[in-house]
Amino acid sequence: MIVLGVESSCDETGLALYDTKRGLLAHALYSQVAMHEQYGGVVPELASRDHIRRAIPLLQQVLAESGIERQEIDAIAYTQGPGLAGALLVGASIACGLGMALDKPMLGVHHLEGHLLSPLLASEPPTFPFVALLVSGGHTQLMRVDGVGQYSLLGETLDDAAGEAFDKSAKLLGLGYPGGPAISRLAEFGDSSAYQLPRPMLHSKNLDFSFSGLKTAVLTLVKNRPANICEQDKANIARAFVDALVEVLLAKCLAALKQTGLKRLVIAGGVGANQQLRSALDAAAAKRRFRVYYPELEFCTDNGAMIAFAGAMRLQINPEAAQRNYAFNVRPRWPLNELGI
């Protein structure tokens with residue numbers, strides 16, 4: 001079965017072809033970061049318009065790279081939600097229009113399920129069951145994953161997600177957008193003993209998160225510094241922020257493994273590319289004898305490969321899930337726990 005995946009939930013346009021026998025055949029991605037950077041964040045209308053321009057050239061690229069003809073595609077999976085409504089509508093309309101033209105069945109895919117399953121695309125994928133830390137955009141969740149569509153929520157953020165805290169704190173330090181990679185790079189030059197920031201809900205005795213207070217602590221530090229804060233002081237604040245956030249994520253992951261009794265931890269989503277988080281998790285795994293799995297770096301951010309793969313996994317379980325119904329709808333808000341098989 002060859003599945004075409006279409007991703008357009010935010011500011012990346014991604015298309016990919018996945019074959020259930022041969023694996024990932026080709027994928028192509030266009031990021032709008034340079035366009036949105038001048039505005040300090042994603043502008044939804046601009047994102048939607050850019051998806052329109054990029055989707056068809058990316059489709060042509062993956063077809064050419066894979067050597068697959070359009071008629072060889074067996075099904076088309078597209079991101080149905082969650083995400084920006086206009087951006088989702090662009091991807092859904094292009095996917096369903098293509099499906100109608102080729103007479104191929106369609107399947108709407110949950111964006112977070114794509115992230116959750118993306119580590120299975122790695123050369124050494126995890127096996128079910130496992131605990132997953134999903135840290136993508138506005139989402140920070142711990143899940144127990146027993147199989148495709150079998151997800152149990154263990155804990156989630158009560159306010160700002162980790163990715164949002166990264167972006168907002170980076171903006172306070174004048175680092176621009178996207179903030180996550182910038183603040184992580186700057187933290188490498190910081191002194192870990194210069195500042196001590198709070199670790200929200202570190203000892204809450206549950207698996208929920210809260211990062212709004214951490215962002216506010218960064219704001220307070222910045223306001224109490226001179227207007228022309230030096231680069232070393234910025235690096236020290238960045239280091240304090242990253243150390244605090246990583247400590248909380250690590251502690252919650254360890255607590256989730258203990259609560260479930262599982263020995264496999266999967267990290268999915270954009271923050272999964274953070275090197276400080278990876279280093280802390282790898283050290284803990286070596287000490288406590290559990291295994292931690294990450295997506296390939298190119299699949300940490302939004303991409304079409306994870307949508308094609310998630311669609312293919314669902315269709316292997318239930319081939320009737322894809323339908324020739326081209327009257328599509330999107331779900332900008334769509335809780336992951338509503339998914340089933």
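How many disulfides does the structure hold? Zero. This is a predicted model, so a quick look at the cysteines is a fair place to start, given that a disulfide needs two cysteine sulfur atoms within 2.5 Å. For cysteine 10, the nearest cysteine sulfur is that of cysteine 300, 16 Å away, and cysteine 10 is in no disulfide. Cysteine 10 counts as partly exposed, at 23% relative accessibility. Cysteine 253 is in no disulfide either, with the sulfur of cysteine 300 as its nearest, 14 Å away. Cysteine 253 is buried, its relative accessible area being 1%.

Now for the charges. The count of salt bridges comes to 15, and here are three of them.

| Acid | Base | Closest N to O |
|---|---|---|
| Aspartate 50 | Arginine 53 | 2.8 Å |
| Glutamate 113 | Arginine 314 | 2.8 Å |
| Aspartate 233 | Arginine 225 | 3.4 Å |

Take aspartate 50 and arginine 53: they sit three residues apart in helix α2 (residues 44-66), so about one helical turn separates them. Aspartate 50 counts as buried at 2% relative accessibility. There's a bit more going on here, since Asp50, Arg53 and Arg54 are linked in a network of salt bridges. Arginine 54 also lies over the face of tyrosine 30, at 3.9 Å from the ring centre.

The bridge between glutamate 113 and arginine 314 spans much more sequence: glutamate 113 is in helix α4 (residues 111-117) and arginine 314 in helix α10 (residues 304-317), so the pair ties together parts 201 residues apart. Both glutamate 113 and arginine 314 are buried.

In the third bridge, aspartate 233 is buried, with a relative accessible area of 13%, while arginine 225 counts as partly exposed at 24%.

Another arginine has a ring for company: the charged end of arginine 278 sits over the ring of tyrosine 294, 4.3 Å from its centre.

On to the rings themselves. Searching the whole structure turns up four aromatic pairs. One of them is phenylalanine 128 with phenylalanine 130, stacked at 5.4 Å centre to centre with 20° between the planes. Phenylalanine 128 is partly exposed, with a relative accessible area of 32%, but phenylalanine 130 counts as buried at 0%.

Phenylalanine 166 and phenylalanine 241 go edge-to-face instead, 5.2 Å centre to centre and 85° between the planes. This pair links distant parts of the chain, with phenylalanine 166 in helix α5 (residues 162-172) and phenylalanine 241 in helix α8 (residues 231-260), 75 residues apart. Phenylalanine 166 counts as buried at 3% relative accessibility, and phenylalanine 241 counts as buried at 0%.

Key
Residues numbered from 1 in each chain as written. Predicted model: local features only at pLDDT ≥ 70, side-chain atom pairs only at ≥ 80, totals over all residues. Heavy atoms only, no water. Phe/Tyr/Trp six-rings, centres within 6.5 Å; stacked < 30°, edge-to-face > 60°. Buried < 20%, exposed > 50% of the residue type's maximum accessible area, 1.4 Å probe, protein only. Helix = DSSP H or I, 4+ residues; strand = E, 2+ residues; numbered from the N terminus. Lys NZ or Arg CZ within 6 Å of the ring centre and 35° of its normal. Salt bridge = Lys/Arg side-chain N within 4 Å of Asp/Glu carboxyl O.
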